[in-house]
Amino acid sequence: ISAGIPYFVFGDVYYRQVPMGYQVVEPIRDPAVNLPETVSVNIDLLNVRYGPDKTEEVIAQIERYTRLRVIGSAPGWLYVEIEGQEDLRGWVMEEYVSAEPS
């Protein structure tokens with residue numbers, strides 16, 4: 001389990017269970033590798049999803065300018081925690097957030 005998502009690993013290949021069987025996926029990357037510490041939402045309303053895929057369940061919606069702490073990532077997605085709501089973590093698409101200035 002990584003970032004709340006169960007994976008299966010055989011050798012160096014990661015799999016995720018999907019309705020029709022299993023799908024090869026990129027492993028969750030370590031947040032220490034070239035990721036901003038925080039980002040902010042740059043669209044009016046952003047879906048926070050259970051997993052890094054557009055078909056995953058929406059667990060929350062957050063408004064523009066909301067700050068998010070980056071915990072991890074997958075290709076095109078960030079695993080985030082909503083600031084001030086430490087128990088709410090989920091996935092957002094990278095294209096809808098901007099890095100916070102240092």
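**Exercise 1. State how many helices and strands the chain has, and give their order along the sequence.**

Solution. The chain has ten strands and zero helices. Reading along the sequence therefore gives the pattern β-β-β-β-β-β-β-β-β-β. The model is a predicted one.

**Exercise 2. Describe how the chain is divided between buried and accessible parts, and how its contacts are spread along the sequence.**

Solution. Step one is burial: of the 102 residues in the chain, 35% are buried. A residue counts as buried when its relative accessible area is under 20%.

Step two is the surface. The accessible surface of the chain is about 6,600 Å². Carbon and sulfur atoms account for 49% of that surface.

Step three concerns contacts between residues at least 6 apart in sequence: 46% of these join residues at least 24 apart.

**Exercise 3. Work out the order of strands in the open sheet of three strands, and find which strands stand at its edges.**

Solution. The order is β1-β2-β3, and the pairing is antiparallel. β1 (8-10) and β3 (21-25) each have a single partner strand, so they stand at the edges and one side of each lacks a neighbour in the sheet. On average, neighbouring strands of this sheet are turned by 40° against each other, direction ignored.

For detail, take the pair β1 and β2. β2 covers residues 13-18, runs antiparallel to β1 and is joined to β1 by three bridges. Within this pairing, Val9 has Tyr14 in β2 as its bridge partner.

**Exercise 4. Examine strand β4: name its partner strands and decide whether its faces are covered or open.**

Solution. First, the partners. β4 pairs with β7 through three bridges, in the antiparallel sense. β4 also pairs with β10 (residues 97-99), again antiparallel and over three bridges.

Second, one residue of β4 shows both pairings. Val39 has Leu68 as its bridge partner in β7, and Val39 stands opposite Ala99 in β10.

Third, the faces. In a regular strand, side chains alternate between the two faces of the sheet. In β4, Thr38 and Ser40 are on one side, while Val39 and Val41 are on the other. All four of these residues are buried, and both faces of β4 are covered.

**Exercise 5. Find the salt bridges, and say which parts of the chain each one ties together.**

Solution. The whole structure holds three salt bridges.

Take Arg64 and Asp44, whose closest N and O atoms are 3.1 Å apart. Arg64 is in the loop between β6 (58-63) and β7 (67-74), and Asp44 is in the loop between β4 (38-41) and β5 (45-49), so this salt bridge ties together parts that are 20 residues apart in sequence. Arg64 is partly exposed at 32% relative accessibility, whereas Asp44 is exposed at 58%.

Now take Arg69 and Glu81, which form a salt bridge with an N to O distance of 3.2 Å. Arg69 belongs to strand β7 and Glu81 to strand β8 (residues 77-82), so the pair ties together parts twelve residues apart in sequence. Arg69 has a relative accessible area of 32% and is partly exposed, but Glu81, at 6%, is buried.

Glu81 also forms a salt bridge with Arg89, at 3.0 Å from N to O. Arg89 is partly exposed, with 37% relative accessibility. Arg69, Glu81 and Arg89 are thus linked in a network of salt bridges.

**Exercise 6. Locate the largest nonpolar core and trace which strands supply its residues.**

Solution. In soluble globular proteins, nonpolar side chains tend to be buried together. Here the largest nonpolar core has 15 residues. Those touching the most other members are Ile62, Leu68, Leu78, Val92 and Val97.

Next, the strands. At least two residues of this core come from each of β4, β5, β6, β7, β8 and β9 (85-93). β8 gives the most, with three residues.

Val97 serves as an example of the contacts. Leaving out residues up to four places away in sequence, Val97 touches Val39, Ser40, Val41, Asn42, Leu46, Leu68, Leu78 and Val92.

Finally, another core of six residues lies apart from the largest one. Its members include Ala74, Trp77, Tyr79 and Met93.

Terms used:
Residues numbered from 1 in each chain as written. Predicted model: local features only at pLDDT ≥ 70, side-chain atom pairs only at ≥ 80, totals over all residues. Heavy atoms only, no water. Helix = DSSP H or I, 4+ residues; strand = E, 2+ residues; numbered from the N terminus. Buried < 20%, exposed > 50% of the residue type's maximum accessible area, 1.4 Å probe, protein only. Contact = heavy atoms within 4.5 Å. Areas by Shrake-Rupley, 256 points an atom, 1.4 Å probe, with all protein chains shown as cover. Pairing = 2+ DSSP bridges. Axes fitted to C-alpha atoms, helices over the stretch in contact; angles between N-to-C directions. Salt bridge = Lys/Arg side-chain N within 4 Å of Asp/Glu carboxyl O. Core = buried A, V, L, I, M, F, W, Y, C linked by side-chain atoms within 4.5 Å.
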